[in-house]
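Got a minute to walk through a fold? Have a look at the model below, and then we'll trade a few questions.

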Amino acid sequence: MAKPKRDARKTGAAGWGRTLLTLLPPVLKLLRAVFRKRSGGTGRAPARPAGRGNMRPGPRGPSPAMKRAKERQKAGRREGRTAPPKRVKPRRGEDPLTALQRAGAEGHWTRGDGVVFRCLPDDLDGSRHQRFLVKLSDGHVIKVSHNIDLAERVPAQEGDRLGFAGDFESNELGGALHWTHLDPRGWHPDGWIDHRGKRYE
């Protein structure tokens, strides 16, 4: 009896399939070895090269970009850089700066106006500051410290109205406003004092 003829195409396909299955384990082993070598022997994906915008710590610690960001943050704190603004809603008849004092705000850049209640002696410890006690619209009194090493002295007297912008920090004495001048390094919002139509910054 004659044997049935086999389909050559089916035989060839089956042969190739067996060959691929035989070659697959060594190929996978080779790929794993190459990947392990590229990742430094850890088996993890290789770390991104440190550069601008790479803020994730690498295998050897923080990247240079992360270190620079931390240094800028520390320098900003040393120079009085503002924290993100804290939203405080004033009560009825309350001045916005009084509301900041009530909320315990720290490093909040704000603006306002008031009447000079008393002129205090200059603060000569470190950078020289001209100081006023200013009465706000609701009667609350804050201290304004104006750096006269970086800005021109304000010729204000008791009873004069001032407009101002700067950093407000609450304290046990009612709060203080400082940084009422331009920032020479450009890291901080600029402040100012308006007195009789002239701006001192």
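Q: Why is strand β2 largely enclosed by the rest of the structure?

A: Quick caveats: this is a predicted model, where local features need pLDDT of at least 70, side-chain atom pairs count only at pLDDT 80 or more, and totals for chains, interfaces and linings use all residues. Residues are numbered from 1 along each chain as its sequence is written, and side-chain values use heavy atoms, leaving out hydrogens and water. Strands here are DSSP runs (E, at least two residues; helices are H or I, at least four), numbered from the N terminus, and buried means under 20% relative accessible area (exposed is over 50%, partly exposed in between; 1.4 Å probe, protein chains only). β2 covers residues 129–135, and it is largely enclosed because the buried ones number five of the seven.

Q: Which residue in β3 is the bridge partner of Val134?

A: Strands pair if DSSP finds at least two bridges between them. β2 and β3 run antiparallel, with seven bridges joining them. On the β1 side, Val134 of β2 stands opposite Val116; in β3, its bridge partner is Ile142.

Q: Which glycine in the turn between β2 and β3 has a positive phi?

A: That hairpin leaves five residues between its strands. The phi in question is about 95 degrees, and the residue is Gly139.

Q: Which residue follows α3 with a positive phi?

A: Helix α3 spans residues 96–103, and its buried residues include Leu97 and Leu100. Right after α3, with phi near 70 degrees, comes Gly104.
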